[in-house]
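Please look through the structure shown here, beginning with how its strands are arranged and then turning to some details of its backbone.

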Amino acid sequence: MNAPTRPKPHFKIENYPFRLADNVRYGDLDPNKHVNNGVYATYFETARVTLLRSGDRGLMPKGLSWMLVHLAIDFRAEMHWPGSFELGIGVSKLGRTSATFQQVVFAGDVCTASAEAVTVLVDAKTRKPTPLTPDIIERFQPWLLRT
């Protein structure tokens, strides 16, 4: 008897409202000559930090900071050097003190990895979770994941 298989999710880069392009660096490779699994965490961090910390979006209120509390990555296909890729990110859920992001890496038309990341808004001095204000919630609306 064969074990049941999970259906493969269908990803479209267009569903992710914030996107960045980048290049695979030679140093991103492992001995198998594909992008090392640990490097994907850095790719996903780049997208989150760029979205959250850009001053013109207002997602980083003064005196507050975002802390990563959960990151789950699914590796879907190999990616090689030389090459370029596109990062996509969208907000899938806003909690009382948190934002949950769905993220992808695409090399051409192929989704090579996907991730779920949860960040918590914290007071920069006390490091305690801080509730999202109506203003912060409003500023996240353009970045909601599209379905």
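Val91 has Phe101 in S4 as its bridge partner, and this pair can serve as a starting point in what is a predicted model. Strand S4, which covers residues 98-107, pairs with S3 in the antiparallel sense, and eight bridges are found between the two. The connection from S3 to S4 is a hairpin of three residues.

S3 also takes part in a pairing with S1, again described as antiparallel, with six bridges. Here Phe18 can be followed across to Ile89, its bridge partner in S3.

The loop that lies between strand S2 (64-75) and strand S3 (84-94) contains Pro82, and the peptide bond joining Trp81 to Pro82 is cis, with an omega of about -5°.

Two further loops hold residues whose backbone angles deserve attention. In the loop between strand S1 (18-23) and helix H1 (37-53) lies Lys33, which has a positive phi of about 65° although it is not a glycine. With a relative accessibility of 61%, Lys33 counts as exposed, because the cut-off for that class is over 50%.

Arg127, located in the loop between strand S5 (110-123) and helix H2 (134-140), likewise is not a glycine and yet has a positive phi of about 65°. Its relative accessibility is 43%, and Arg127 therefore counts as partly exposed, since that class lies between the limits of under 20% for buried and over 50% for exposed.

Key:
Residues are numbered from 1 along each chain as its sequence is written. This is a predicted model: local features need pLDDT of at least 70, side-chain atom pairs count only at pLDDT 80 or more; totals for chains, interfaces and linings use all residues. Side-chain values use heavy atoms; hydrogens and water are left out. Helices (H or I, at least four residues) and strands (E, at least two) are DSSP runs, numbered from the N terminus. Buried means under 20% relative accessible area, exposed over 50%, partly exposed in between (1.4 Å probe, protein chains only). Two strands pair if DSSP finds at least two bridges between them.
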